[in-house]
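Me: Could you take a close look at one part of this model for me? I'd like to hear about the aromatic side chains and how they sit together.

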Amino acid sequence: MLCQECGKRPASLHFTKVVNGEKTEFHICEACAREKGEMIPGTSGGFSIHSLLSGLLDISPSGKGQLVGKNTENLQCKECGMTYSQFSKVGRFGCSSCYKYFNDRLDPLFKRVHGNTTHMGKVPVRVGSHIQAKRKIEGLRQELQQKIVEEEFEKAAKLRDQIRELEKDISSE
């Protein structure tokens, strides 16, 4: 297949763009792609995993590793010395303490990447009911606190009893 731009060289790059549900395909050669400023995978100016992570981390397109609208110059791990800017460039932490020092920035990141900030993955069969009961107790405790704030003490008492029953079942297992 020949390049759709110049019609001379073989098309080596194939792009598919979807805008408002309308799909458009482009087949161009590397030279025409460079002229148009398209990113070419595998070249120095091409797509990198850092480009992908930068979008997820809300890093400015200038590539300076700054969060848009947030000051990150002072964020640094006291254990390994890694700064948040370095993390944003590398995409990996220097040590396990980095999680603690960069915690404010991680919850929004995890929420965007995983859709949640708590692990909701598979549960081993042997302890599955135990973990599910603990999750239910935690939810009931939050609901209990809400009922106390709303001064709905009868409903709060029922929730308290449910929590005690579940805790009793867990301890008997």
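Reply:
**The aromatic cluster**

Tyr84, Phe87, Phe93, Tyr99 and Phe102 come together as one aromatic cluster. Bear in mind that this is a predicted model. Searching the whole structure turns up 6 aromatic pairs. One of them is Tyr84 with Phe102, an edge-to-face pair with 5.4 Å centre to centre and 80 degrees between the planes. Tyr84 sits in helix H3 (residues 84–90), while Phe102 is in the loop between helix H4 (98–101) and helix H5 (103–114), so this pair ties together parts that are 18 residues apart in sequence. As for burial, Tyr84 has 1% relative accessibility and therefore counts as buried. Phe102, also at 1% relative accessibility, counts as buried too.

Then there's Phe87 with Phe93, and here the rings are stacked: 4.4 Å centre to centre, with 20 degrees between the planes. Phe87 comes in at 6% relative accessibility, so Phe87 is another buried residue.

If you want something to set beside the cluster, try helix H6. Its 22 residues (128–149) should span 32 Å at 1.5 Å a residue, and the end C-alpha atoms are indeed 32 Å apart, so the two agree. Viewed down the axis of H6, the buried residues stay within an arc of 160 degrees, so they line one face of the helix. Those buried residues are Gly128, Ala133, Ile137, Leu140, Leu144 and Lys147, and what covers them includes helix H7 (153–172). On the face turned away from the buried side, H6 carries the exposed residues Gln142 and Val149. Just after H6, Glu151 takes a positive phi of about 60 degrees.

How values were computed: Residues are numbered from 1 along each chain as its sequence is written. This is a predicted model: local features need pLDDT of at least 70, side-chain atom pairs count only at pLDDT 80 or more; totals for chains, interfaces and linings use all residues. Side-chain values use heavy atoms; hydrogens and water are left out. Helices (H or I, at least four residues) and strands (E, at least two) are DSSP runs, numbered from the N terminus. The expected span of a helix is 1.5 Å times one less than its number of residues. Buried means under 20% relative accessible area, exposed over 50%, partly exposed in between (1.4 Å probe, protein chains only). The arc is that of the directions from the helix axis to the C-beta atoms. Contact means heavy atoms within 4.5 Å. Rings of Phe, Tyr and Trp (its six-membered ring) pair if their centres lie within 6.5 Å; planes under 30 degrees apart count as stacked, over 60 as edge-to-face and the rest as tilted.
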